Amino acid sequence: NALSAALTPGLDSEGRPYAPPADPYARAALRAMLRAYAAVWGEHDAAKYEVVAVELPFDLPVLTPKGRESRNGWGKSKAPRRVGRVDLVVRERPPACEKCGGRGEIGDGMLCPLECFTCKGTGRAAEDGLVWTVEHKTTGKVPDEHYYKGIEVDPQIATYFDALTIMGYAPAGVLYDVVRRPDYHDPKAPPALKKDGTARAQKAEVAYSNPRHGERAADYEERIYQLATSRPGDWFGRREFRAGEGPLTSAR
């Protein structure tokens, strides 16, 4: 799962070596927010969406206003490209079949009849759900309406939308998913000198963090988790940008 992956050495989304934070308070902050995200969004997202792709790479040409590939300043052999990865692509799950209520059977172990055009024994409607690209962001502030004011001029999500369109996904738009980072500072040792100017004995390990002196990392994790889950609007934000609206009118 996301929590174990974030706390295990491996490769990042670009294929580079990844190491989880070594500092116990940094790990506690990461654990707290991953747990809180799952608590706030997990059940809702699992019921509404199915994952299509994770870290989906794309490589697109830069187009001129006339729709031709641009080669300005690069010569004929090296045209400029738009290269990147889409954080996540999801598809809305079809609604449950009205005949069997999503169970896939109508009683006595009998499957929903194949002539049921919305189900065909699967328990769900047959039509494809809408496809969305999901862009994950973090911020140090509450992700309220002020956070989204400048997004209409952000070309990044428009580029992702173009990429999915060219790759044939026909996206409905972009889900802009924002997580607030907890206030966190690296643990710091006490000053080398006391107020009277005498030397202070230095400990090999520092057992406190700036968020609250004397607080263990495990207590810090639980406190942040409780804060984020009790007031999710202060920590998590999400907005839909549909095709033809705001930044998705054109990325060219």
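This report describes the fold, helices, strand pairing and aromatic contacts of a predicted model.

**Overall fold**

The chain contains four helices and nine strands. Their order along the sequence is α-β-β-α-β-β-β-β-β-α-β-α-β. Of its 252 residues, 34% count as buried. Among contacts between residues at least 6 apart in sequence, 68% join residues at least 24 apart.

**Strand pairing**

Strand S7 (residues 131-139) pairs with strand S4 (residues 81-92) in the antiparallel sense, over four bridges. In this pairing Leu-88 stands opposite Val-134 of S7. S7 is also joined to strand S8 (residues 173-180), here by eight bridges and in the parallel sense. Thr-139 stands opposite Arg-180 in S8.

**Helices H2 and H3**

Helix H2 covers residues 24-48, which makes 25 residues. Its first and last C-alpha atoms are 35 Å apart, close to the 36 Å expected at 1.5 Å a residue. H2 nevertheless has a kink of about 55°, centred on Trp-41. Trp-41 is itself among the buried residues of H2, and so are Tyr-25, Ala-26, Ala-28, Ala-29, Ala-32, Met-33, Ala-36 and Asp-45. An α-helix has 3.6 residues a turn, so residues three or four places apart point the same way. The cover over the buried residues of H2 includes strand S3 (49-61), S8, helix H4 (217-230) and strand S9 (236-242).

Helix H3 (residues 155-166) has 12 residues, and its end C-alpha atoms are 16 Å apart, in agreement with the 16 Å that 1.5 Å a residue gives. Its buried residues are Ile-157, Ala-158, Thr-159, Tyr-160, Phe-161, Asp-162, Ala-163 and Leu-164. They are covered by elements including S3, S4, S7, S8 and S9. Just after H3, Gly-168 takes a positive phi of about 90°.

**Aromatic pairs**

The whole structure holds six aromatic pairs. One of them joins Tyr-37 and Phe-236: the planes stand at 75°, over the 60 degrees required, so the pair is edge-to-face. This pair links distant parts of the chain, with Tyr-37 in helix H2 and Phe-236 in strand S9, 199 residues apart. Tyr-37 counts as partly exposed because its relative accessibility is 22%, whereas Phe-236 is buried at 6%.

Tyr-147 and Tyr-148 form another edge-to-face pair. Here too the partners are unlike in accessibility: Tyr-147 is partly exposed, with a relative accessible area of 24%, while Tyr-148 is buried, with 7%. Ring pairs link Tyr-147 and Tyr-148 with Tyr-176 and Phe-241 into a cluster.

The geometry of the two pairs is set out below.

| Ring pair | Distance of centres | Angle of planes |
|---|---|---|
| Tyr-37 and Phe-236 | 5.9 Å | 75° |
| Tyr-147 and Tyr-148 | 5.4 Å | 80° |

**Charges over rings**

Two arginines lie over aromatic rings. Arg-35 is placed over the face of Tyr-225, at 4.0 Å from the ring centre. The charged end of Arg-238 sits over the ring of Trp-41, 3.7 Å from its centre. Trp-41 is thus described in three ways: it is the centre of the kink in H2, it is buried, and its ring lies under the charged end of Arg-238.

How values were computed
Residues numbered from 1 in each chain as written. Predicted model: local features only at pLDDT ≥ 70, side-chain atom pairs only at ≥ 80, totals over all residues. Heavy atoms only, no water. Pairing = 2+ DSSP bridges. Helix = DSSP H or I, 4+ residues; strand = E, 2+ residues; numbered from the N terminus. Expected span 1.5 Å × (residues − 1). Bend = angle between axes of the 7 residues up to and from the residue. Buried < 20%, exposed > 50% of the residue type's maximum accessible area, 1.4 Å probe, protein only. Contact = heavy atoms within 4.5 Å. Phe/Tyr/Trp six-rings, centres within 6.5 Å; stacked < 30°, edge-to-face > 60°. Lys NZ or Arg CZ within 6 Å of the ring centre and 35° of its normal.
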